[in-house]
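Reader: I am new to this structure. Please pick one part and take me through it closely.

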Amino acid sequence: MSSEQLSLLRERLTAGGLGLRDRPDFEERLTELRRMYEPYVVALAHYLAVPLPPWVREVERPDNWQTSAWDRVVKLPARGRAASGEEEHF
């Protein structure tokens with residue numbers, strides 16, 4: 001994570017109501033903590049073939065819990081037989 005990404009992450013956390021303490025060694029401490037678990041997370045993601053998300057989103061979009069499959073209206077194409085009055089089940 002670059003320093004710019006870290007500052008953007010801190011800004012977003014603060015805007016969301018989660019203020020972090022200003023410590024002179026904050027970035028070094030975070031790097032140390034990340035080194036303790038990130039190799040395991042990367043290996044697990046590689047094993048499961050799951051891409052890891054970025055620390056900070058570049059494009060704002062709603063979270064999964066804020067949307068549903070019903071938000072999108074799906075219009076099915078008209079079928080040939082159904083249009084002629086015959087009912088087709090399959």
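Author: What follows is a close look at helix 2, then at the helix it covers. The model is predicted: local features need pLDDT of at least 70, side-chain atom pairs count only at pLDDT 80 or more, and totals for chains, interfaces and linings use all residues. Residues are numbered from 1 along each chain as its sequence is written, and side-chain values use heavy atoms, without hydrogens or water.

Helix 2 takes in residues 26–48. A helix here is a DSSP run of H or I with at least four residues, numbered from the N terminus.

Start with its charged pairs. Glu32 and Arg29 form a salt bridge, 3.2 Å from N to O. The term needs a side-chain nitrogen of Lys or Arg within 4 Å of a carboxyl oxygen of Asp or Glu. Both partners lie in helix 2, three residues apart, about one turn of the helix. Glu32 is partly exposed, at 42% relative accessible area. Arg29 is partly exposed too, at 35%. (Buried is under 20% relative accessible area, exposed over 50%, partly exposed in between, with a 1.4 Å probe and protein chains only.)

A second pair is Glu38 and Arg34, at 2.8 Å, N to O. These residues are four apart in helix 2, so about one helical turn separates them. Why does such spacing suit a pair? An α-helix has 3.6 residues a turn, so residues three or four places apart point the same way. Glu38 is partly exposed at 23%. Arg34, at 13%, counts as buried. The salt bridges come to four by this rule. Another of them joins Asp25 and Arg23, at 3.0 Å, N to O.

Now the nonpolar side. Tyr37 lies in helix 2. Its relative accessibility is 36%, so Tyr37 counts as partly exposed. Tyr37 joins Leu33, Met36, Val41, Val42, Leu52 and Trp55 in a nonpolar surface patch of about 610 Å². (Such a patch links nonpolar side chains within 5 Å, from residues with over 30% relative accessible area and no salt bridge.)

Helix 2 also acts as cover. It is among the elements over the buried residues of helix 1. Those buried residues are Leu6, Leu9 and Arg10. They cover an arc of only 100° around the axis, taken from directions to the C-beta atoms, which puts them on the same side of helix 1. The face turned away from that side carries the exposed Glu4, Glu11 and Ala15. After helix 1 comes Gly17, with a positive phi near 95°.

Technical notes:
Helix = DSSP H or I, 4+ residues; strand = E, 2+ residues; numbered from the N terminus. Contact = heavy atoms within 4.5 Å. Patch = residues over 30% accessible without salt bridge, like charges linked within 9 Å, V, L, I, M, F, W, Y side chains within 5 Å. Areas by Shrake-Rupley, 256 points an atom, 1.4 Å probe, with all protein chains shown as cover.
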